Amino acid sequence: MTNLQELNEQPSGLENYIDEDEDYSNTSELYSISSFGIDYPVETLVSRIKSKQFYVPDFQREFIWSKNQASRFIESLLLGLPVPGLFLYKESGTGKHLIIDGQQRLMSLYFFFEGKFNNKKFSLSGITSNWKGKSFEDLDSEDQARLANTGIQATIFKQDSPKDEMSIVYEVFERLNTGGVKLAPQQIRSCIFHGYFNDFLHNLNDKNQIWREICGPKSKYLKDVEIILRFFAFLERRDQYSAPMKQFLNDYMEERRDITVDQLKDLANIFTLTMNFVYSSLGKRAFKPSKAFNVAVFDSVATSIAKKLQEGKQPCEGKIKESYHKLLEDQEFKDGYSNSTASQENVDKRFRKARQAFEVL
């Protein structure tokens, strides 16, 4: 499948980017997983959400249920109807539980018990039963106790092997989030690999104005954040690349979870220097051989220029522009950024041609 075809099939919000299709499984590993089921009383679930023992990581998909949807879920529990179970990952280091599937249900319960929905009183709506218009405080004591004691099944799992404990979390998260609006790869990474490095990527994406000029409108699927991640991954781990791209980026992001402040400063500095230089020499049309931002052109060109800047060299802007346009006309480079862009062959091809193009500068 060509990138042009993939662009035409992108979901709304990704039209500004040309990149390979990542809608496939990225693993053939066998996992050793420990899991067990448990029925938690609603009151316990609400308490553990409040104490952050069960938590939704920063940048996970926002709460998207309407008050009517949340109300109908609460009503189902009050009526004694069965509801879908929860899926939680127990972190080995902290003992906390990452919510893999069930965020909307858990947060609906939390909001109802706290009495607030979007900073307004949470009174049940969109239902026809006797509980319509009632908040938790308005329920009679029998209904309050029955709701608080209602059990919701949860499956809790942890990975025993392979040693890379987060690989299964990504895989499970991706496979469970297939209904409705599917989470994009970087949305999943931001949930799973939360921490300083994830915050850093989002801050760079939000606050670097030159980058925003080059990249264009912010992506609700975090594709722009993924492109920054890709810049750093290829800058630091180019020689370790092997397909699929998704796993390469997962591995790098997990490696950098415990990054130091000084390392973050160095990464921010080289990214800023590179984007400033690209903008001054190539303008906002950089990395756009056609109408859309081509991610494969970006990863090879941007990191090749960054390598020069890291060496303390200041390439001539005029020569960069000339070399860049010649590079875009090179058939071998075109092959590397137009088809199967995550394949080992085409990654090697476009990086080799980009390195050669800027080698003499």
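How many salt bridges does a search of the whole structure find? In this predicted model, the search returns 22 salt bridges. Three of these pairs are a good place to start, taken together with their surroundings.

Within helix H10, which spans residues 223–237, Lys 223 and Glu 226 sit three residues apart, about one turn of the helix. Their side chains form a salt bridge in which the closest N and O atoms are 2.5 Å apart. Both partners are buried: Lys 223 has a relative accessible area of 10%, and Glu 226 has one of 2%. This pair also belongs to a wider arrangement, since a network of salt bridges links Asp 19, Arg 189, Lys 223, Glu 226, Arg 230, Asp 299 and Arg 350.

Helix H10 contributes to a second pair as well, this time with a partner from outside the helix. Arg 256 and Glu 236 meet in a salt bridge, with 3.2 Å from N to O. Here distant parts of the chain are linked, for Glu 236 lies in helix H10 while Arg 256 lies in the loop between helix H11 (245–255) and helix H12 (261–282), 20 residues apart. Arg 256 is buried because its relative accessible area of 10% falls under the 20% cut-off. Glu 236, at 28% relative accessibility, counts as partly exposed.

The third pair brings us to helix H14 (residues 317–329), where Lys 326 and Glu 322 are four residues apart, about one turn of the helix. The salt bridge between their side chains has an N to O distance of 3.3 Å. Lys 326 counts as exposed at 56% relative accessibility, whereas Glu 322, at 47%, counts as partly exposed.

Aromatic side chains come next. The structure holds 29 aromatic pairs. One of them joins Tyr 17 and Phe 293 in an edge-to-face arrangement, with 6.1 Å centre to centre and 65° between the planes. This contact, too, links distant parts of the chain: Tyr 17 belongs to strand E1 (residues 17–18) and Phe 293 to strand E9 (residues 293–294), 276 residues apart. Tyr 17 is buried, with a relative accessible area of 1%, and Phe 293 is likewise buried, at 1%. Both rings take part in a cluster linked by ring pairs, whose members are Tyr 17, Phe 197, Phe 200, Trp 211, Phe 231, Phe 232, Tyr 252, Phe 271, Phe 287, Phe 293 and Phe 298.

Finally, a charged side chain meets an aromatic ring: Arg 238 lies over the face of Phe 351, at 4.9 Å from the ring centre.

Terms used
Residues are numbered from 1 along each chain as its sequence is written. This is a predicted model: local features need pLDDT of at least 70, side-chain atom pairs count only at pLDDT 80 or more; totals for chains, interfaces and linings use all residues. Side-chain values use heavy atoms; hydrogens and water are left out. A salt bridge is a side-chain nitrogen of Lys or Arg within 4 Å of a carboxyl oxygen of Asp or Glu. Helices (H or I, at least four residues) and strands (E, at least two) are DSSP runs, numbered from the N terminus. Buried means under 20% relative accessible area, exposed over 50%, partly exposed in between (1.4 Å probe, protein chains only). Rings of Phe, Tyr and Trp (its six-membered ring) pair if their centres lie within 6.5 Å; planes under 30 degrees apart count as stacked, over 60 as edge-to-face and the rest as tilted. A charge sits over a ring if NZ of Lys or CZ of Arg is within 6 Å of the ring centre and within 35 degrees of the ring normal.
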